[in-house]
Amino acid sequence: MGFVGDTQKIDRGNGSADKGGCFFGGMKSLVRRKQVDSANSKSGSAHQLAKALTVPHLIAIGVGSTIGAGVYILVGTVAREHSGPALTISFLIAGIAAALSAFCYAELASRCPSAGSAYHYSYICVGEGVAWLIGWAVVLEYTIGGSAVARGISPNLAMLFGGPDSLPTFLARHTIPGLNVTVDPCAAILVFVVTGLLCVGIKESTMVQGFVTAVNICAMFFVIVAGGYLGFKTGWPGYELPVGYFPFGADGMLAGASTVFFAYIGFDSVASTAEEVKNPQRDLPMGIGFALSICCSLYMLVSAVIVGLVPYYAMDPDTPISSAFASHGINWAAYIITIGACTSLCSTLMGSILPQPRILMAMARDGLLPSFFSDVHKRTQVPVKGTVATGLLSGTLAFFMDVEQLSGMVSVGTLLAFTMVAISVLILRYVPPDEVPLPSSFQEAIDSVSLRHSGCNSGSDIDVETTKIPAVTSGDSTPLLVEISVGHPLVEKAAAKLNYLVRQRRKVAGWTIMFICIGIFILTSAASIVSLPKYTLCGIGGFLLLSGLIVLTCIDQDDGRHSFGHTGGFTCPFVPLLPIACILINVYLLINLGGATWARVSIWLLIGACIYALYGRTHSSLKNAVYVPATHVDEIYQTSANSLAC
């Protein structure tokens, strides 16, 4: 391969793609990968966000986005139907599963600290086509998630005012005659208020979210402390059961863990603010880790208290915590619990709207969406236009539409993102991109550097460099140094052999990662069927998965991982085992979301594919990119800067 990568031959933007075939050029556009944002690539950009966030801000975003009102309901439903008193262990297992994704997010967020989260990582490690679908799915996740959360606030607010119909008329829900549509003005107003707050500035909105989250945590501490006192006073009647701690067995406990796993969705919002963090290499991993640890601890403590106060079969599936306190004569606790539910919903609403404008901004920066979404307000340094567009869409949906039946689509976007982030970690470690796309405006500098290096290799115009290498060993084991020129045939032959071995190892690793993903898909799909081929398919999938794990464990990771992106941050442990386990868990949950959910998501993804084909592929910032070896990028930037200075 020459100095300039082969991709240039296809993506020059001058019609050469058409000469090689429209289909071939279109397929190549799906796998083109962008550069990790660096000081060079960002210089002169007018779309920069404010560097204002620290670890406490990130914890507030992570905890606020993760702990929703669902925990006030999940403990009853899951305990009654799946886990019983073992609900605490279900939350622990789900927390460990979520931590696998958190480890992967932490490494990529610190290495690639730019807006866009999973979309950004997929674009760098996998390719433009997959990145577009991930970004498109995540946009759906945040839009529907925010609308669903907003629709859930008004019933809880009504409870604070005395009953379901106690809200003022202008806030209460109304049914439009003849259309059978129930509008929710309260939900729409709350979305618009949160949108306005997010437009003020990231630091200000995060401080408000931190305050609201603190109120929610105080309500959960009340449940833990007051419930613990009642439990010790009454002898924990929920644990004194003849059926034991696992009434539904280990399978029920694991089924409960699968259900409560979705209570941990939200910590990925921290990664979406990476570009606004003052010290991303240190603060992002800490923010993600602390947020997830706090959420897991609170979930486990609350569930341990509630299943101990009331036998699992006697729990109210709709209001388990309030009814548990009421059964012990503390009816007024319902008000504190309702306040906690309201504040958790408001905080989750902010966490749902916050990331979407930043993902839209990242996609617009890359040319896949109109530049309208990439504009950043000069004073607040917030993508105001994207935030307002997000708020208008979410507010309209929350006002007119009951999106509860679409809530499963939220999980698809999250699990797809989790899966792709884990795959990106494997790619980063074993086959990191060794070519970097540069704008065609750098063509003159690229030609200059290319000519310089080709001249060095030929040795025609410069003095031949020499290097001392151990060539012979004397009797006392002291190497004898022999001067051999860089252009010596032995050196060239050794270098060529080394490059060949590296290319072969990267090729083996790339195919192995693909076969692992195929094996996981076959294995998880077969686990959900009851027909005869089940065990055969499980055997095939398990063989591919186990073989791939052994191969990746035995071969060396690529040396390019050390210089990939921003170094000095968090490093994901137990690679390749941890990312593979993460992929396995997330794909299993994706497979089991149900056919109706996938049918709806498929329509949305098909719409996204059409938009990409008609707009994104032709407007991509990489359309005219020239791919060069990553080792020469800084030299090209320096050459370009010198030529401009002259």
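**A buried helix and its surroundings**

In helix α7, the residues A118, Y119, H120, Y121, S122, Y123, I124 and C125 are buried. The helix is thus described as mostly covered, with 8 of its 8 residues buried. The model in which this is seen is a predicted one.

The protein as a whole provides the setting for this helix. Its secondary structure comes to 24 helices and 6 strands. Of its 646 residues, 50% count as buried. The protein exposes about 28600 Å², and carbon and sulfur atoms supply 66% of that area. Among contacts with a separation of 6 or more, 84% are accounted for by residues 24 or more positions apart.

The cover over the buried residues of α7 comes from several parts of the chain. It includes α6 (87-111) and α8 (128-160), together with α12 (268-272), α16 (355-365) and α18 (408-430). Beyond the end of α7 comes G127, a residue with a positive phi, near 160°.

One of these covering helices, α18, can be followed in detail. The axes of α7 and α18 come within 9 Å and cross at roughly 35°. In this crossing, which is left-handed, α7 passes α18. From α7, the residues A118, Y121, S122 and C125 take part, and they meet A417, M420, V421, S424 and I427 in α18. By character, the residues of this contact divide into 7 nonpolar, 2 polar and no charged. A general property of helices is useful in reading such lists: an α-helix has 3.6 residues a turn, so residues three or four places apart point the same way.

Y123, a further residue of α7 (residues 118-125), deserves separate attention. Its relative accessible area is 0%, and because buried means under 20%, Y123 is classed as buried. Which residues does Y123 contact, leaving aside its neighbours within four places in sequence? They are R32, R33, K34, E128, A131, D366, L368, S620 and L622. Y123 can also be placed relative to I134: the two are 11 residues apart in sequence, and their C-alpha atoms are 9.4 Å apart in space.

Elsewhere in the protein, a second pair of helices may be set beside the first. Helix α10 (residues 202-234) and helix α15 (residues 333-353) have axes that come within 8 Å and cross at roughly 150°. Angles over 145 degrees count as roughly antiparallel, and α10 and α15 are therefore roughly antiparallel to each other. The crossing in which α10 passes α15 is left-handed. On the α10 side, the contact is made by S205, Q209, V212, T213, V215, N216, A219, F222 and V223. On the α15 side, these meet A333, I336, I337, I339, G340, T343, S344, C346, S347, M350 and G351. The residues of this contact divide into 11 nonpolar, 9 polar and no charged.

The last position to consider is T512, which lies in helix α20 (residues 489-527). Is T512 buried or exposed? With a relative accessible area of 9%, T512 falls under the 20% limit and is therefore buried. Leaving aside its neighbours within four places in sequence, T512 is in contact with G548, V551 and L552.

Definitions and conventions. Residues numbered from 1 in each chain as written. Predicted model: local features only at pLDDT ≥ 70, side-chain atom pairs only at ≥ 80, totals over all residues. Heavy atoms only, no water. Axes fitted to C-alpha atoms, helices over the stretch in contact; angles between N-to-C directions. Helix = DSSP H or I, 4+ residues; strand = E, 2+ residues; numbered from the N terminus. Parallel < 35°, antiparallel > 145°, perpendicular 65-115°, else oblique. Left-handed = near helix turned anticlockwise from the far one by under 90°. Contact = heavy atoms within 4.5 Å. Nonpolar A, V, L, I, M, F, W, Y, C, P; charged D, E, K, R; others polar. Buried < 20%, exposed > 50% of the residue type's maximum accessible area, 1.4 Å probe, protein only. Areas by Shrake-Rupley, 256 points an atom, 1.4 Å probe, with all protein chains shown as cover.
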